[in-house]
Amino acid sequence: MGSMRLLYFTPQQIWPVNSGSRLRNYHLARQLAMRSSVTLVEMGSAGSRNRIQAGDSDLTSVVTLDKGRPYTASTVLRGLAGPTPMTVLNCWSPRSASQLADVLRSNEFDTVQMEGVHLMKFLPMIQKAPGRPAVVVDWHNVESELMWRYADAAGNWAKKIAARRTAKLIEGAEDRLLDTCAMHTVTSERERQKLMARRPGANIQVIPNGVESSFYSAKNLADSRRKTSMGDPKPTILFVGHMDYHANVDAVTWFSQAAWPEISRTHPDLHFTIVGRDPSPEVRGLASNRIHVTGTVDDVRPFYASAVAAVVPLRVGSGTRLKILEAMAAGVPVVSTKLGAEGIDIEHNIHFLQADSGPDFAAAVHQIASSDETRLRLSQAARELVCKIYDWSIIGNRLFRLHEELAEARLSASLRKVS
């Protein structure tokens, strides 16, 4: 068949690439655009303009829909009442539906990649679009699992009740997606098995999160540090993440209380640096003479260049952690909870050190900070794994082949109808 025509539909604008979901969306869309004709449709707030131009990323075109106002009183009430969860209602408006209908009328697509359950209210019009494109749902997380975990961890009873209700509604929405879409891609084999247990007949494939390994090469890290004043001249323990996300806030707050006092006592030369946009008041309140909160940075590589270790003390959440893959690509040893490393094919004491308590984190950081051999052994094995399995070019090629298979099956089916 000729060049495949693909619609890539995401619930947020993919630029700037400053969060895990945007990283995945940007790189997968870009990889597909290198191999086919890709129209990016992204949701934006009222009046948003395209932040990324088609020519900058090999995309054929970019369309930004008007998302409308999220979390209105009406949306919250309807979301709790069901059957459509609040997270889905927040991504839909009559105007955005009309705008998407215009795109679908003007183009015939072979496949549509829809980024998550949040966009499912648009699914009926996509499935009825000209040519009846095959729909691939890309699951960044099993969102119901994430919400169940949040409900379990919530201390406030009202939040707990609302979260449990939302989790149940999201689970129902996910099951409807599993029943009706041609293919699903998840970030790990664990998530594939979890969804297969719910819907054994669903077509579920693993497309892991990835990293642009060449961007984090030793040479590029050194160049980035030389060209900028960012980073820290002192050796640091590093945490990278979107810092108003509840799981990241919990992680750095807990680490600062449970592990950092012992680390700072044992290694008075080390500093703890928290890098990421929109730090919450709780995170900003951690700042001290040896704990640094940066907020948004243009380039994280100078911070990796000065890092002795990257910590991922996550205790809630779901999916796989792009922050771990970045650190591994940058040659920075990783210390993570079991949950934090969930979904990544790495082994304790080979590619990273696992720690699930404050004393364990302190001991692991001490092991890395006091041993050049340990640092080198972990970092070399981790970067080798990333380059072999988790580079975006390798992942993008696999995703393209899956879309190609669906497009060819669609074409064969239409030819059989004609004959």
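A residue counts as buried when its relative accessible area is under 20% and as exposed when that area is over 50%, with partly exposed in between. Keep that cut-off at hand for these exercises on a predicted model.

**Exercise 1. Work out which residues of helix α15 are buried and where they sit around its axis.**

Solution. Start with the helix itself: α15 spans residues 358-369, twelve in number. From first C-alpha to last, α15 reaches 16 Å, close to the 16 Å expected at 1.5 Å a residue. Next, apply the cut-off: G358, F361, A362, A364, V365 and I368 are the buried residues of α15. These cover an arc of only 165° around the axis, which puts them on the same side of α15. The spacing fits a general rule: an α-helix has 3.6 residues a turn, so residues three or four places apart point the same way. Finally, look at what α15 packs on: the helix lies across β8, β11, β12 and β13, running at about 155° to β11.

**Exercise 2. Trace the six-stranded sheet and find its edge strands.**

Solution. Read the order first: this open sheet runs β10-β9-β8-β11-β12-β13, with parallel pairing. Its edges are β10 and β13 (353-354), each of which pairs on one side only. Now step through some of the pairs. Strand β8 (residues 236-240) joins β9 in the parallel sense over five bridges, and T236 has H271 as its bridge partner in β9. On to β10 (residues 291-295): β9 and β10 pair in the parallel sense over four bridges, with H292 of β10 as the partner of T273. Further along, β11 (residues 307-312) and β12 (residues 334-336) run parallel and are joined by three bridges; there V312 is matched with S336 in β12.

**Exercise 3. Is strand β9 enclosed or open to the outside?**

Solution. Count the buried residues of β9 (residues 271-275): five of the five qualify, so the strand is largely enclosed by the rest of the structure. Then sort the side chains by direction. H271, T273 and V275 point one way, F272 and I274 point the other way, and all are buried.

**Exercise 4. Place T228 in the fold and classify its exposure.**

Solution. Locate T228 first: it belongs to the loop between α9 (218-227) and β8. Its relative accessibility is 27%, so T228 counts as partly exposed. For a spatial neighbour, try P302: the two C-alpha atoms are separated by 7.8 Å, although T228 and P302 are 74 residues apart along the chain.

**Exercise 5. Describe the seven-stranded sheet and the helices that pack on it.**

Solution. The order of this open sheet is β3-β2-β1-β4-β5-β6-β7, with parallel pairing. At the edges stand β3 (61-66) and β7 (204-206), each with a single partner strand, so one side of each is left without a neighbour in the sheet. From one strand to the next, the twist averages 20°. Helix α7 (residues 157-180) packs on the sheet, touching β4 (111-114), β5 (134-139), β6 (183-186) and β7, and its direction makes about 140° with that of β5. Helix α8 (residues 189-198) lies across β5, β6 and β7, at about 170° to β7.

**Exercise 6. How do the axes of α2 and α7 cross, and which residues make the contact?**

Solution. The axes of α2 (residues 73-81) and α7 come within 9 Å and cross at roughly 70°. That makes α2 roughly perpendicular to α7. The contact is built from G79, L80 and A81 of α2 with A162, R165, T166 and L169 of α7.

Key:
Residues numbered from 1 in each chain as written. Predicted model: local features only at pLDDT ≥ 70, side-chain atom pairs only at ≥ 80, totals over all residues. Heavy atoms only, no water. Pairing = 2+ DSSP bridges. Helix = DSSP H or I, 4+ residues; strand = E, 2+ residues; numbered from the N terminus. Axes fitted to C-alpha atoms, helices over the stretch in contact; angles between N-to-C directions. Contact = heavy atoms within 4.5 Å. Expected span 1.5 Å × (residues − 1). Buried < 20%, exposed > 50% of the residue type's maximum accessible area, 1.4 Å probe, protein only. Arc of directions from axis to C-beta. Parallel < 35°, antiparallel > 145°, perpendicular 65-115°, else oblique.
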